[in-house]
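Let's take a walk through this protein together, one stop at a time. Have the sequence and the 3D view open as you read.

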Amino acid sequence: MKLNILKEHLNESIQHVSKAISSRTTIPILTGIKIDVDAGGVTLTASDTEVSIQSTIPIEKEGTEIVQIVTPGSVVLPAKFFTEIIKKLPSSDVTIEVKDNFITWISSGTAEIQIVGLDPEEYPLLPQLEENNIVSVSSDLLKAMIRQTTFAVSTSETSPILTGVLWNFSHDRLKLIACDRLRMASREAQIEAEGEIEFHNIVIAGKSLNELNKLLPDQNMPIDIVVANNQVLFKIDRIQFYTRILDGAYPDTSKLIPQSFQTHLTIDTRKLADAIDRAYLLSREEKTNIVKMTLKDERTVEVSSSSSELGKVTEQIETHKLEGDLLSISFNSKYMLDALKVIDSDFIQICFRGPMQPIIMKPEDHSNMLHLIMPYRTTN
């Protein structure tokens with residue numbers, strides 16, 4: 001195998017696929033990046049068995065030649081060293097040549113590096129998916145939906161299914177749900193799909209989705225989502241992102257949401273977030289994160305927290321609208337802040353059923369998002 005390639009494009013592709021490299025893998029060859037060179041260009045692959053990422057570098061792009069192929073072939077190179085050395089090469093042109101026993105020579109400008117490569121035949125094959133269930137979502141929307149839910153996944157491996165985000169699609173509605181038993185985040189959107197496509201109980205690990213989000217472009221670019229067997233494939237231009245579906249049935253979170261409420265509060269999202277953020281500074285010192293919200297009257301909400309060593313924070317915020325019973329309720333301020341940061345509305349509606357019932361939050365101007373936070377029982 002021998003090729004000449006522009007360093008900028010090679011480095012970009014390496015950065016994409018290296019997100020799938022895990023230092024904890026028990027399969028030695030998966031610490032490497034597989035390079036395949038053929039008439040179509042250069043394809044890089046990395047995997048940790050949970051996530052696999054493939055990135056293709058074309059021969060040319062927009063009239064600029066990127067790759068010159070002298071001899072096609074394949075090799076697996078150690079990811080950590082390969083990633084670092086390509087970044088540090090002195091010239092914009094790189095020559096890679098694989099010789100006997102997969103010994104690989106990399107030259108650029110005055111630098112010449114020799115790397116001991118591995119046999120590409122030992123590298124696991126990527127899943128072959130039947131592309132029957134394909135949904136296309138704009139990148140900016142998908143990026144937002146992932147950001148607005150993944151923060152609520154569980155970090156405890158005692159309930160592996162809750163470390164993922166639930167994906168359901170039917171009647172052209174895509175819905176994502178994340179829940180860790182103490183809070184829940186859901187986001188849905190209208191998606192135009194070709195044909196009668198449905199999928200249910202597709203649970204993707206939150207950490208995989210966070211890596212996917214780093215690859216998604218901010219602009220409005222269609223991303224194809226392929227659901228098949230135990231894998232989901234996201235197609236992002238010349239990048240293919242495979243992730244395993246978590247085993248098990250996701251719990252029915254609809255049972256957590258109260259069907260009626262005693263109190264409806266509408267308030268400025270930013271003002272509430274800022275007040276809770278200030279109260280959080282004190283509650284964090286107590287290592288409880290507990291902040292209390294008291295509905296004083298129709299016009300005033302009080303946010304407060306206290307620390308036995310530092311003192312107390314109390315702040316009054318003006319309501320936009322308040323209907324129903326007055327109450328006082330305590331909650332985890334970090335959970336509340338996480339939700340407020342992703343709510344894309346100037347005003348938020350918060351619904352209460354009582355001081356020990358779930359708090360429901362949603363944007364005032366649309367019903368595509370819902371957040372639930374369980375309250376804390378406090379002595380005062």
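Start at F102, which is partly exposed, at 27% relative accessibility. Keep in mind that this is a predicted model. F102 sits in the loop between β9 (93-98) and β10. Look at its backbone: phi of F102 is near 65°, a positive value, and the residue is not a glycine. Most residues other than glycine have a negative phi.

Now hop along to T104, in strand β10 (residues 103-108). A polar atom of the T104 side chain lies 3.2 Å from the backbone oxygen of F102. Is T104 buried or exposed? T104 counts as buried, because its relative accessibility is 0%, and the cut-off for buried is under 20%. F102, on the other hand, counts as partly exposed because its 27% falls between the limits of 20% and 50%.

There's another positive phi to find at D237, where the angle is near 55°, again in a residue other than glycine. D237 lies in the loop between β18 (231-236) and β19 (239-244). With a relative accessible area of 61%, D237 is exposed.

Time to zoom out. How many helices and strands does the protein have? The secondary structure comes to six helices and 28 strands. The C-alpha trace spans about 80 × 55 × 40 Å along its principal axes. Of the 380 residues in the protein, buried ones make up 50%.

Next, let's go looking for charged pairs. A search of the whole structure turns up 15 salt bridges, one of which joins K87 and E84, whose closest N and O atoms are 3.6 Å apart. These two belong to helix α2 (residues 79-88), and because they are three residues apart there, about one helical turn separates them. K87 counts as partly exposed at 40% relative accessibility, and E84 is partly exposed too, with a relative accessible area of 35%.

Then there's the bridge between the side chains of R183 and D338, at 2.8 Å from N to O. R183 is in strand β15 (residues 183-190) and D338 is in helix α6 (residues 333-342), so this pair ties together parts that are 155 residues apart in sequence. Both R183 and D338 are buried; for D338, the relative accessible area is 13%.

D338 has another partner. Which residue is it? D338 also forms a salt bridge with K334, and here the closest N and O atoms are 3.2 Å apart. Since D338 and K334 are four residues apart in helix α6, they are separated by about one helical turn. K334 is partly exposed, with a relative accessible area of 36%, whereas D338 is buried. Put the pieces together and you get a network of salt bridges that links D180, R183, K334 and D338.

Not every side-chain meeting here is between charges. T294, found in strand β21 (residues 290-297), makes a polar contact with S328, side chain to side chain, at 3.1 Å. T294 is buried, with a relative accessible area of 15%.

For a link between parts of the chain that you might miss in the sequence, turn to H200 and S170. They are 30 residues apart along the chain, while their C-alpha atoms are separated by 8.1 Å. H200 lies in strand β16 (residues 199-205) and counts as partly exposed, at 44% relative accessibility.

Let's finish on the surface. Which residues form a negative patch there? The patch is made of D344, D346, E364 and D365. Pick out E364 in the loop between β27 (359-363) and β28 (369-373). E364 is partly exposed, with a relative accessible area of 42%, so E364 passes the patch requirement of over 30%.

Terms used. Residues numbered from 1 in each chain as written. Predicted model: local features only at pLDDT ≥ 70, side-chain atom pairs only at ≥ 80, totals over all residues. Heavy atoms only, no water. Patch = residues over 30% accessible without salt bridge, like charges linked within 9 Å, V, L, I, M, F, W, Y side chains within 5 Å. Areas by Shrake-Rupley, 256 points an atom, 1.4 Å probe, with all protein chains shown as cover. Salt bridge = Lys/Arg side-chain N within 4 Å of Asp/Glu carboxyl O. Lys, Arg positive; Asp, Glu negative; His and termini not counted. Charge placed at Lys NZ, Arg CZ, Asp CG, Glu CD. Buried < 20%, exposed > 50% of the residue type's maximum accessible area, 1.4 Å probe, protein only. Polar contact = N/O pair within 3.5 Å; in protein donor to acceptor, adjacent residues only side chain to side chain.
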